[in-house]
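Student: Could we take a close look at one part of this model, the metal site? After that, I'd like to see how a few other spots compare in setting.

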Amino acid sequence: MGKVEEFEGIILSVRHHHENDHLVKIFTDRFGKLMFFSRGTAKRNSKMKTAILPFTKATYIGTINQTGLSFLNDAKDREQYQSMQTDIFLNAYATYLLNLTDAALEDRVPNGTLYHKLAASLREIDEGSDPQIIVNIFEIQLLPYFGVAPELRGCSVCGNTEGPFDYSDRYGGLLCRNHWQLDKHRYHASQRAIYFLRLFSRVSIDQLGIISVKEETKKEIQHLIDMIYNETVGIKLKSKSFIQKMGQWGDVLKESRNPDNKQKNEVSQTDEDKL
Ligand SMILES: [Zn+2]
């Protein structure tokens, strides 16, 4: 029998089990990702009901077993990320963060660094930061957990740190212009997208401040990251395709609302203007 422990955790997913119970997957700060049996939480009067909702972080008390299911007994200090419960767009981005984390993690392998990165990302989205930027930073910083550690400090061939750069799967990272001819399948990415790829790989989500990026540049960044994920990570998540579809609706909405001035809402005070 396992030991009763108190730990912090973020709900990754919840599903019904039998009539009254739930199976809850939690990313815990100290024990890694674990599946918990949560007895009676589907009953109307369960006091644990809100503690196992998606987009919740809390301190849980439970029995941690070395094999099989662990058990959830109680929770306190519940923190619900409110905006994601009510806004379908934020919900989609946050769901993708949770699914991506789930895909990157092995069961029972503690990873405090990633735990805090996920908590900080969810909080940033909840507090109104641009969800795409937060997700992009998370995607890039999660790559090593999928066994992909692209060289983004400089050229992967000669170490040159002066651009222009392009990205190459074959060389696992950046190539400077002198070495572009080595890979004809390099990405032909825009310098702006490369700039943000490098920036996002080293920023701390905790100390982000305001990063404002033009819509057009955001599309280029997303395209570049999607290419890296498709070529090297190769996972297909439903929540990801949902975000892509949402982007297409967004474009349609923007055009119908604002046919003459598509860039009305864009701010251009960022470093990208220096490029
Ligand atoms: Zn080079």
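Tutor: Here is the metal site, followed by a short tour of other places in the chain. One thing up front: this is a predicted model, so local features need pLDDT of at least 70 and side-chain atom pairs count only at pLDDT 80 or more, while totals for chains, interfaces and linings use all residues. Residues are numbered from 1 along each chain as its sequence is written, and side-chain values use heavy atoms, with hydrogens and water left out.

To get your bearings, the protein has 7 helices and 7 strands (DSSP runs of H or I with at least four residues, or of E with at least two, numbered from the N terminus). Walk along the sequence and you meet β-β-β-β-β-α-α-α-α-β-β-α-α-α. The C-alpha trace spans about 60 × 45 × 30 Å along its principal axes.

Now the metal. The zinc ion gets its protein donors from Cys-155 (SG), Cys-158 (SG), Cys-176 (SG) and His-179 (ND1), at 2.1 to 2.4 Å (donors are N, O and S atoms within 2.8 Å of the metal, or 3.2 Å for Na, K and Ca; water is not among the atoms, so sites may look incomplete). The angles between the 4 donor atoms run from 103 to 116°, so the arrangement is tetrahedral (for four donors, all angles must lie between 85 and 135 degrees). For reference, the ideal angle for four tetrahedral donors is 109.5 degrees.

Along the chain, the donors follow the spacing C-x2-C-x17-C-x2-H. Distant parts of the chain are linked here: Cys-155 belongs to the loop between α4 (131–142) and β6 (165–168), while His-179, 24 residues apart from it, belongs to the loop between β7 (173–176) and α5 (191–202). Cys-155 is buried because its relative accessibility is 3% (buried is under 20% relative accessible area, exposed over 50%, partly exposed in between, using a 1.4 Å probe and protein chains only). His-179, at 17%, is buried too.

Those two loops hold other things to look at. Pro-164 sits in the loop between α4 and β6, and the peptide bond leading to Pro-164 from Gly-163 is cis, with omega near 0°. In the loop between β7 and α5 you'll find His-185, which counts as exposed because its relative accessibility is 63%.

Next, try two helix residues. Thr-101 is in helix α2 (residues 88–104) and is buried, with a relative accessible area of 0%. Beyond its neighbours within four places in sequence, Thr-101 is in contact with Phe-27, Leu-114, Leu-118, Phe-138 and Leu-142 (contact means heavy atoms within 4.5 Å). Lys-218, in helix α6 (residues 215–233), is buried as well, at 7%. With the same kind of neighbours left aside, Lys-218 is in contact with Asp-130, Gln-132, Ile-133 and Val-213.

Two backbone oddities finish the tour. Asp-77 is not a glycine, yet has a positive phi of about 50°; this residue is in strand β5 (residues 70–80) and is exposed, at 56%. Arg-108 also has a positive phi, about 60°, without being a glycine. Arg-108 lies in the loop between α2 and α3 (112–126) and is partly exposed, at 31%. They're worth flagging because most residues other than glycine have a negative phi.

Terms used
Tetrahedral: all angles 85-135°; square planar, octahedral: opposite > 155°, others 65-115°.
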